[in-house]
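Welcome to a short set of exercises with worked solutions. Keep the model open beside you, try each task on your own, and then follow the steps.

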Number of protein chains: 4
Amino acid sequence: MLKVGVIGYGYWGPNIVRNFNSTESACVAAVCDRNRGALARAVKNCPGVAATTESRDIVTSPDIDIVTVITPVSTHYELARAALLNGKHVFVEKPFTSTAAQAEELIGLAERKRLKIMVDHTFLFTSAVRKMKEIIDDGVLGDLYYYDSTRVNLGLFQHDVNVIWDLSPHDFSIMDYLIGEKPVGVSASGRAHINAKEDIAYIMVYFPNNIIAHFNVNWLSPVKLRTTLIGGEKKMLVWNDMDADEKIKVYDRGVDITTREGLYDLLVSYRSGDMWAPKVDQGEALRIETEYFIDCILNDQRPFNDGEAGLRVVRMLEACDESLRNNCRMVTI
Amino acid sequence: MLKVGVIGYGYWGPNIVRNFNSTESACVAAVCDRNRGALARAVKNCPGVAATTESRDIVTSPDIDIVTVITPVSTHYELARAALLNGKHVFVEKPFTSTAAQAEELIGLAERKRLKIMVDHTFLFTSAVRKMKEIIDDGVLGDLYYYDSTRVNLGLFQHDVNVIWDLSPHDFSIMDYLIGEKPVGVSASGRAHINAKEDIAYIMVYFPNNIIAHFNVNWLSPVKLRTTLIGGEKKMLVWNDMDADEKIKVYDRGVDITTREGLYDLLVSYRSGDMWAPKVDQGEALRIETEYFIDCILNDQRPFNDGEAGLRVVRMLEACDESLRNNCRMVTI
Amino acid sequence: MLKVGVIGYGYWGPNIVRNFNSTESACVAAVCDRNRGALARAVKNCPGVAATTESRDIVTSPDIDIVTVITPVSTHYELARAALLNGKHVFVEKPFTSTAAQAEELIGLAERKRLKIMVDHTFLFTSAVRKMKEIIDDGVLGDLYYYDSTRVNLGLFQHDVNVIWDLSPHDFSIMDYLIGEKPVGVSASGRAHINAKEDIAYIMVYFPNNIIAHFNVNWLSPVKLRTTLIGGEKKMLVWNDMDADEKIKVYDRGVDITTREGLYDLLVSYRSGDMWAPKVDQGEALRIETEYFIDCILNDQRPFNDGEAGLRVVRMLEACDESLRNNCRMVTI
Amino acid sequence: MLKVGVIGYGYWGPNIVRNFNSTESACVAAVCDRNRGALARAVKNCPGVAATTESRDIVTSPDIDIVTVITPVSTHYELARAALLNGKHVFVEKPFTSTAAQAEELIGLAERKRLKIMVDHTFLFTSAVRKMKEIIDDGVLGDLYYYDSTRVNLGLFQHDVNVIWDLSPHDFSIMDYLIGEKPVGVSASGRAHINAKEDIAYIMVYFPNNIIAHFNVNWLSPVKLRTTLIGGEKKMLVWNDMDADEKIKVYDRGVDITTREGLYDLLVSYRSGDMWAPKVDQGEALRIETEYFIDCILNDQRPFNDGEAGLRVVRMLEACDESLRNNCRMVTI
């Protein structure tokens with residue numbers, strides 16, 4: 001039985017505890033939070049768990065095999081590093097770290113110590129994202145043209161990061177997973193209206209094969225939108241995560257191009273056919289993710305959402321910040 | 001009775017003819033199109049109208065008071081210039097011209113000849129846009145934070161312009177009308193997948209008072225979206241032009257900021273209240289616009305959607321093209 | 001060339017004229033309306049057409065082959081009868097007649113005179129209804145369980161009929177076409193709030209094979225709904241006629257029933273699979289219907305929406321009225 | 001501290017336990033279920049609670065003040081009667097009892113023993129229903145014309161009751177609460193396709209002042225719909241419980257009737273104005289309901305959702321069954 005120590009028992013921590021406890025081969029042995037009220041809630045929900053306000057108690061405990069770091073991003077590096085140095089596997093909330101350099105150091109450290117890092121890109125374990133992965137990998141959409149995500153709602157304001165670091169790690173990790181290509185550059189624009197951090201931002205990501213990605217992230221929207229359009233040569237897909245019943249719709253629509261013999265004209269014709277909404281299971285993504293992490297540890301396999309996956313996202317976040325400071329100029333990656 | 005000569009009888013021309021004919025003080029006297037099939041349709045729909053394949057017949061006719069230019073943008077300047085030189089008022093399809101220099105020359109020419117120019121920014125005459133103008137001018141939204149438009153659908157591919165010149169003149173003219181401020185710069189990114197013209201583009205517009213605007217224009221979307229979010233300090237608005245019944249929704253939602261006395265902390269709290277959907281009349285916008293143009297001529301008044309309004313839009317389109325060629329770098333206006 | 005005489009140039013008449021004129025082998029020769037303003041509009045839209053306020057001029061004219069009766073239902077019988085007696089084919093607005101006895105007489109008369117009757121159940125010529133017919137006849141839904149239609153909106157109040165005679169002929173004719181079975185009985189409830197005619201009504205139709213149909217018709221609804229659910233043993237279908245893009249959705253959902261061996265228990269399990277929205281063409285239904293009527297006359301074929309189809313609908317409307325007067329008691333047909 | 005004994009720990013029982021435990025002045029002391037697996041889950045979720053498979057242990061326990069009966073309806077009468085005879089207050093799942101006679105006996109027993117009965121019509125404690133009550137009582141809608149509810153989805157099949165007894169108690173209790181009038185009669189039609197119990201039914205309820213109510217309940221729908229239209233003389237309301245954000249919309253739409261002086265004609269004109277969606281709080285209804293029950297007991301007040309409210313619903317359910325057996329004939333109440 002693998003023992004889990006959870007650092008951070010705020011909004012997401014209780015879900016982490018509940019899901020690790022629901023796995024067969026792991027259980028939560030200790031919870032750490034600086035806030036004593038949060039600790040009291042942890043003990044009430046999970047009688048018998050050790051509680052501490054000192055993260056050192058978790059990372060140095062000989063009884064703990066896995067440390068989960070569910071704290072603000074600015075603390076990820078220190079906590080994960082301490083855990084790895086003490087021989088613990090680490091499960092880190094997204095985004096992985098504040099800088100790419102930190103991420104690289106943690107990856108190297110884990111390799112030397114033969115430990116696992118998993119970055120909590122939970123969306124990759126939803127049925128919707130897995131179904132889209134399957135659709136794209138099966139070639140249903142053909143060559144991809146674009147990936148366009150809108151992720152807007154009112155708040156929640158973060159104090160330590162801007163809207164890009166808060167909302168777009170979801171989009172970066174999903175895009176990275178679905179497209180599976182290395183982008184060449186990033187542009188980003190944004191504005192801060194409420195405090196010094198951008199609360200609205202627009203991100204463009206450029207790929208070598210002419211794919212363009214775009215994320216619209218906004219903490220000041222009156223309505224909650226979670227819509228992604230993916231256009232391909234053969235078909236096009238809409239993922240509306242707010243639709244309880246028909247999250248993914250695949251449209252047999254597009255443009256056919258032919259060249260008339262002996263002529264230079266392109267003939268463009270429109271194609272419109274049936275729409276198909278595959279069944280998407282409900283199931284809790286975090287439950288699947290925690291099971292998968294335990295399996296990776298027990299079978300000594302590298303998770304696909306490992307430190308490298310986390311690093312790729314952090315590199316794009318850093319590039320966004322650089323582009324923000326340079327009037328939306330494209331920053332190469 | 002003012003006599004109208006219509007140049008261009010393609011997709012939009014029949015609507016122009018029908019609406020000028022429905023005004024009290026004007027009627028269509030002549031139609032010009034190089035395509036003889038189009039001309040035959042014009043005569044069938046409007047028996048008695050003069051028909052010609054030569055635009056010169058229209059612009060030089062002594063019987064014509066107003067020339068409407070409903071042709072591809074690359075021809076606007078020549079046709080409008082010839083009409084003005086021959087003493088005709090001109091009604092020009094959007095975008096006004098291919099370059100700002102052309103627009104400036106036409107404006108100067110019209111002023112010298114004491115003629116009217118109206119640029120056909122039809123959306124400004126819809127009940128939805130007029131209602132939003134009223135809401136914003138009444139201060140209902142408070143200071144504006146952002147203007148964010150999504151205008152995507154499948155096709156129609158234009159041969160002579162990219163998606164920015166095709167779709168975003170709507171957004172630029174509406175934004176110009178509603179916000180009433182002069183932007184300081186524009187960024188744009190896009191990609192061409194089908195032919196050499198961009199079929200997808202993202203545009204950011206920056207204003208001095210921290211307002212940011214954003215347009216998502218796309219010819220390759222499987223679904224048709226026409227949604228604009230406008231965020232303000234006091235309230236926020238969603239305009240969904242695809243919703244037959246509730247086009248405009250005003251949300252009493254936002255963020256309140258207070259500073260605790262003696263502290264530097266910002267306290268951010270969320271506000272969520274009622275939503276209100278004002279009645280929006282149906283009525284054909286082009287009918288109102290053509291009536292208004294006739295009134296402006298008869299009463300010697302300058303239309304608000306005059307050559308200057310057209311020029312402001314063309315300047316932003318030119319800046320978009322420059323930013324497109326420079327990796328999304330902001331171009332000052 | 002078949003000559004059409006149109007009686008009634010109110011709301012629907014102009015569509016009838018336009019569509020008969022667009023057929024290859026027919027044209028509208030004369031229009032009749034008691035309202036001189038309506039007649040003037042007819043002549044303006046259709047120069048050269050004969051205009052009269054006397055229906056006798058139409059039904060007795062030796063130049064006319066087809067009479068279309070687009071007048072209030074109370075006048076259908078007299079006008080259609082006069083037309084048939086004068087040797088004209090008739091195209092009659094729905095509902096066919098005020099009583100089943102009238103319908104039977106007209107059917108007999110047409111047979112003796114070897115003339116065609118078509119009842120204008122326009123919906124049967126929409127792509128949506130034709131697609132559903134195809135889906136049901138192909139056995140996609142399996143045995144049918146129910147047919148449930150909601151057809152509600154604000155107004156338009158009719159002076160001569162209640163909401164059942166106004167709105168439910170659509171539902172009765174579509175149900176009759178799709179299900180193709182003879183119902184055994186009808187129940188109906190309703191209330192009149194504004195004047196003496198019911199403005200809200202609920203109709204149940206019973207079939208021998210356990211299918212139940214239900215229509216919710218309402219002139220006092222704040223929202224316009226046009227939704228039909230059709231449940232079958234294998235799959236289920238939703239037709240939302242207000243959805244511009246995805247009018248028909250076929251759900252692979254249902255209930256599977258098994259009996260455990262040696263036990264009397266029914267085991268009920270739920271099935272939930274993909275959804276599929278077949279492409280539904282746009283095209284004007286009335287255009288297809290008028291072409292079809294001309295073809296039926298030229299080829300001496302009986303239209304499927306003939307007098308008998310009209311009679312079946314009138315019988316159900318009469319049964320509804322009887323049930324209304326008897327506290328919703330089922331009336332056998 | 002009031003001690004609660006919970007009988008029945010199936011689907012709804014855990015919510016009952018959690019919510020009584022969250023009140024200040026009550027806690028759950030014992031849980032009873034015949035299923036040992038369910039009992040084990042109860043103890044796991046609520047360590048320290050007494051667990052039993054015998055309801056007698058609950059109803060006779062001297063430590064228990066309140067018995068909650070969360071079992072199939074056929075057992076409600078026996079369990080509630082035993083609890084009342086032993087001096088316990090009772091909280092009974094809806095519908096209250098299988099027959100009106102049982103309900104009347106329980107009401108009389110509770111009165112003699114000075115005990116409280118609450119019937120769990122949870123919807124009456126949702127913010128949406130409370131907001132509608134406020135709107136109607138404030139006269140916003142004017143005199144009511146109709147109440148029309150659609151409550152359909154796939155399953156869940158009940159073994160002991162038909163779809164009317166399963167789904168329509170929600171509608172009957174909400175209608176009873178909002179309209180506050182005594183109906184004069186009920187009609188109902190339905191069909192059973194899967195087993196011997198009706199899985200689809202349509203219910204009409206008649207009121208003396210010309211209000212008509214209608215419920216569409218269906219276990220065989222491919223889509224889940226929870227929509228209620230309420231029409232009034234002044235305004236109309238739509239309650240869509242599936243809309244996360246805008247559950248209630250009030251439309252300034254309707255029909256105005258005037259009589260021309262000296263004439264018998266009714267002039268009907270349509271009114272269409274703004275729409276308004278009041279803020280509806282989230283909050284768990286059952287939490288509010290359990291708090292309210294405790295308050296009623298502590299302050300010796302009769303709950304508005306008492307045995308009488310439960311009886312009114314059971315009377316209408318009985319009348320539905322009688323109408324079902326009599327071909328939809330209206331049954332007076």
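**Exercise 1. A single asparagine**

Task: In which strand is C:N216 found, and is C:N216 buried or exposed?

Solution. Before starting, note that this is a predicted model.

Step 1. Find the strand. C:N216 sits in β10 of chain C, a strand that covers residues 212-218.

Step 2. Count the surroundings. Within 10 Å of C:N216 there are 25 other C-beta atoms. A residue is called buried once 20 or more are found, so C:N216 is buried.

Step 3. List the neighbours. Leaving out residues up to four places away in sequence, C:N216 touches C:S149, C:T150, C:R151, C:V152 and C:Y202.

Step 4. Try a distance. C:W12 is 204 residues from C:N216 along the chain, and their C-alpha atoms are separated by 24 Å.

**Exercise 2. The build of chain A**

Task: How many helices and strands does chain A have, and what does its radius of gyration tell you?

Solution.

Step 1. Count the elements. Chain A has nine helices and 15 strands.

Step 2. Look at the overall extent. Taken along the principal axes, the C-alpha atoms of chain A fill a box of roughly 75 × 45 × 40 Å.

Step 3. Compare with a globule. For 333 residues, a compact globule would have a radius of gyration near 20 Å, and the 22 Å of chain A agrees with this.

Step 4. Check burial and contacts. Of the 333 residues of chain A, 51% count as buried. Take the contacts in chain A between residues at least 6 apart in sequence: 66% of them join residues at least 24 apart.

**Exercise 3. Two domains**

Task: Which residue ranges form the domains of chain A, and how many residues does each domain give to the contact?

Solution.

Step 1. Read the assignment. Domain 1 of chain A spans 2-115, while domain 2 is made of 126-282 + 315-332.

Step 2. Count the contact residues. Seven residues come from domain 1 of chain A and eight residues from domain 2 of chain A.

Step 3. Sort one side by class. Where domain 1 of chain A touches domain 2 of chain A, its residues are four nonpolar, two polar and one charged.

Step 4. Add the spacing. The C-alpha centres of the two domains of chain A lie 31 Å apart.

**Exercise 4. Where chains A and B meet**

Task: Which strand gives the largest share of the side of chain B that touches chain A, and how are the two copies related?

Solution.

Step 1. Count the interface. The contact takes in 36 residues of chain B and 36 residues of chain A.

Step 2. Find the main contributor. The largest share of chain B's side, six residues, comes from β11(B).

Step 3. Sort by class. The side of chain B that touches chain A has 23 nonpolar, 10 polar and three charged residues.

Step 4. Follow β11(B) to its partners. β11(B) pairs with β7(B) in the antiparallel sense over nine bridges, and B:G231 is the bridge partner of B:Y146. β11(B) is also antiparallel to β12(B), over five bridges, and a hairpin of three residues joins these two strands.

Step 5. Superpose the copies. A turn of 180° and a shift of 0.0 Å along the axis lay chain B on chain A with an RMSD of 0.1 Å. The two copies are therefore related as by a two-fold rotation axis.

Step 6. Compare the surfaces. Because 100% of the interface residues of chain B are also interface residues in chain A, the copies meet through the same surface.

Key: Residues numbered from 1 in each chain as written. Chains lettered and ligands numbered in written order. Predicted model: local features only at pLDDT ≥ 70, side-chain atom pairs only at ≥ 80, totals over all residues. Domains from an automatic or database assignment. Contact = placed C-beta atoms within 7 Å. Nonpolar A, V, L, I, M, F, W, Y, C, P; charged D, E, K, R; others polar. Helix = DSSP H or I, 4+ residues; strand = E, 2+ residues; numbered from the N terminus. Pairing = 2+ DSSP bridges. Rg over C-alpha atoms; globule rule 2.2 N^0.38 Å. Buried ≥ 20, exposed ≤ 12 C-beta atoms within 10 Å, placed from the backbone. Least-squares fit on C-alpha atoms with pLDDT ≥ 70 in both.
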